[in-house]
Amino acid sequence: MDAVDSGWSEQVAFLRALVAQPSVLGRTNGVMEVAAPLLAQLGMRVERVGLDLDVLRRQPGFSSPGWSYEGLYNLVGRLAGTGGGRSLVLNGHLDVVPSTPDEHWNHDPWAGEIEDGLFFGRGAADMKSGVSAMLFALRAVKEADARLGGDVVAQLVIDEECSGNGTLACLAAGAVGDACIVPEPFGLAMVSAHPGVLWARVTVRGRAAHAALASGAVNSAEKMYVVLQAVRELEREVNATELRHPAFEGVEHPLNHNVGQLHAGDWTSSVPEVCTMDVRFSCYPGEDLDAVQRRFADRVSAAAAADEWLREIPPEVRFFGFRAEGVIYDGASDIARVLASCHQAVTGRECQRVASTATIDNRFFDLHFGIPSVCYGPAGGQLHAPDEWVDLESVRTCTKVLACTIADWCGAR
Ligand SMILES: [Zn+2]
């Protein structure tokens, strides 16, 4: 605990250096190179693990991306134990979502400004502070001269915000262990379950014309409204109380169908020929993803069939990005019990469990690779929105809990 405290200002500086890298999709190598020296300092063997689609495609839980991985990589650090202990994977993503519109922020999204104990920035909570916590937890253990029996494997990954293929690539490359911790910002509580998450792109075709002749043309943006209404209706139905999965009992609106991107047109005085809409939608654990995709596509088709224009030129539905199953996590697994007891020891309070409405990379470990995992990290807010923040004291507490967990799990001497 003392070692965490004495390394604290360095930890905050490291977090600020991570946040200073605008590591959005396709631009993640910079942040990896900021983190790499720390892994080396920790005595880890550092490896850059690329994302090879030919390998990924054969893995369970693969999501087909709509973008290239050329030249991009994850970082894997391996610290060999002295033997006799259990191994542990620490996994955190370093990709972030865009910060735009930056002018809606009261703080520079990339500067790591601190106000009243809150640290602001894109990725501050989701989840660069969690990455700082897991690495500085390990550093504290080492500084306390504790020699770990089991190996520690750090996975710093990309593509968590759109597919999970970064983590999948690490696992496929053999970066595995007896258990895993992912410090996503769930307010020092453990995630008990999360829904499945999928992405779709709907394309609607209209009939372009000069605006002067718009009354005789077909506006694709206005036709997309038909599809949008259908998505809203589907969302209402799947969230019906009688369909509610018991793991989401206390959750007000478990399954969010989000219109995340909507694009049409290229000129104000032209009727737009094409409109595209990207939707993130979700389902309960145990639902078959093919059936969930079919349900979505069928709903779009049914709405189109009732429209004079769309009946003739039906919308196109394409699935890309997230194709992630829902999961229920075992709160009684060994790793969950060790972490909960460390949380209790550090904070004096019982560790709560919360159902998440977002997916997390833990799913690969538990569902596809048979590695029990826990998602537990600091407290933050405004994720994927302006003025994202993380509570610094919660980061410090999280670091202490993780240090204790690493020592307990891997066996410290
Ligand atoms: Zn995250």
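How many bridges join strand E3 to strand E6, and do the two run parallel or antiparallel? In this predicted model, E3 (residues 88–93) and E6 (residues 152–157) are held together by six bridges and run parallel. One residue pair to look for is Leu-90, whose bridge partner in E6 is Ala-154.

Both strands belong to an open sheet of six strands, laid out in the order E1-E2-E6-E3-E7-E15 with mixed pairing. The edges go to E1 (45–50) and E15 (373–375); each has a single partner strand, so one side of each is left without a neighbour in the sheet. Going from one strand to the next, the twist averages 20 degrees.

Helices lie across this sheet. H6 (residues 165–172) lies across E1, E2 (73–79), E3 and E6, and runs at about 145 degrees to E6. H12 (residues 392–410), for its part, lies across E3, E6 and E7 (179–182), at about 150 degrees to E3. E3 and E6 thus turn up under both headings: H6 lies across them, and H12 does too.

Another strand set involves E9 (residues 196–205). Strand E9 pairs with E11 (residues 274–283) in the antiparallel sense over ten bridges, with Leu-198 partnered by Phe-281 of E11. Strand E9 is also joined to E12 by six bridges, again antiparallel. Here Val-197 has Ala-324 of E12 as its bridge partner. As a general point, strands of a sheet pair through backbone hydrogen bonds, either parallel or antiparallel.

Turning to helix packing, H2 (residues 8–19) and H5 (residues 124–143) pack with their axes 10 Å apart and at an angle of about 140 degrees. The two helices are therefore oblique to each other, and their crossing is right-handed. On the H2 side, the residues in contact are Glu-10, Gln-11, Phe-14, Leu-15, Leu-18 and Val-19. They meet a set in H5 that includes Ala-124, Lys-128, Val-131, Leu-135, Phe-136 and Arg-139. Sorted by class, the contact of H2 with H5 comes to nine nonpolar, three polar and three charged residues.

Finally, the aromatics. A search of the whole structure turns up nine aromatic pairs. One of them is Trp-67 with Phe-320: the ring centres are 6.4 Å apart and the planes stand at 80 degrees, so the pair is edge-to-face. This pair links distant parts of the chain, with the two positions 253 residues apart in numbering. Trp-67 sits in the loop between H4 (53–56) and E2, whereas Phe-320 is in E12 (residues 316–324), the strand that six bridges join to E9.

Key:
Residues are numbered from 1 along each chain as its sequence is written. This is a predicted model: local features need pLDDT of at least 70, side-chain atom pairs count only at pLDDT 80 or more; totals for chains, interfaces and linings use all residues. Side-chain values use heavy atoms; hydrogens and water are left out. Two strands pair if DSSP finds at least two bridges between them. Helices (H or I, at least four residues) and strands (E, at least two) are DSSP runs, numbered from the N terminus. Axes are lines fitted to C-alpha atoms, for helices over the stretch in contact, and angles run from 0 to 180 degrees between N-to-C directions. Contact means heavy atoms within 4.5 Å. Angles under 35 degrees count as roughly parallel, over 145 as roughly antiparallel, 65 to 115 as roughly perpendicular and the rest as oblique. A crossing is left-handed if the near helix is turned anticlockwise from the far one by less than a right angle, and right-handed if clockwise. Ala, Val, Leu, Ile, Met, Phe, Trp, Tyr, Cys and Pro count as nonpolar, Asp, Glu, Lys and Arg as charged, and the others, Gly among them, as polar. Rings of Phe, Tyr and Trp (its six-membered ring) pair if their centres lie within 6.5 Å; planes under 30 degrees apart count as stacked, over 60 as edge-to-face and the rest as tilted.
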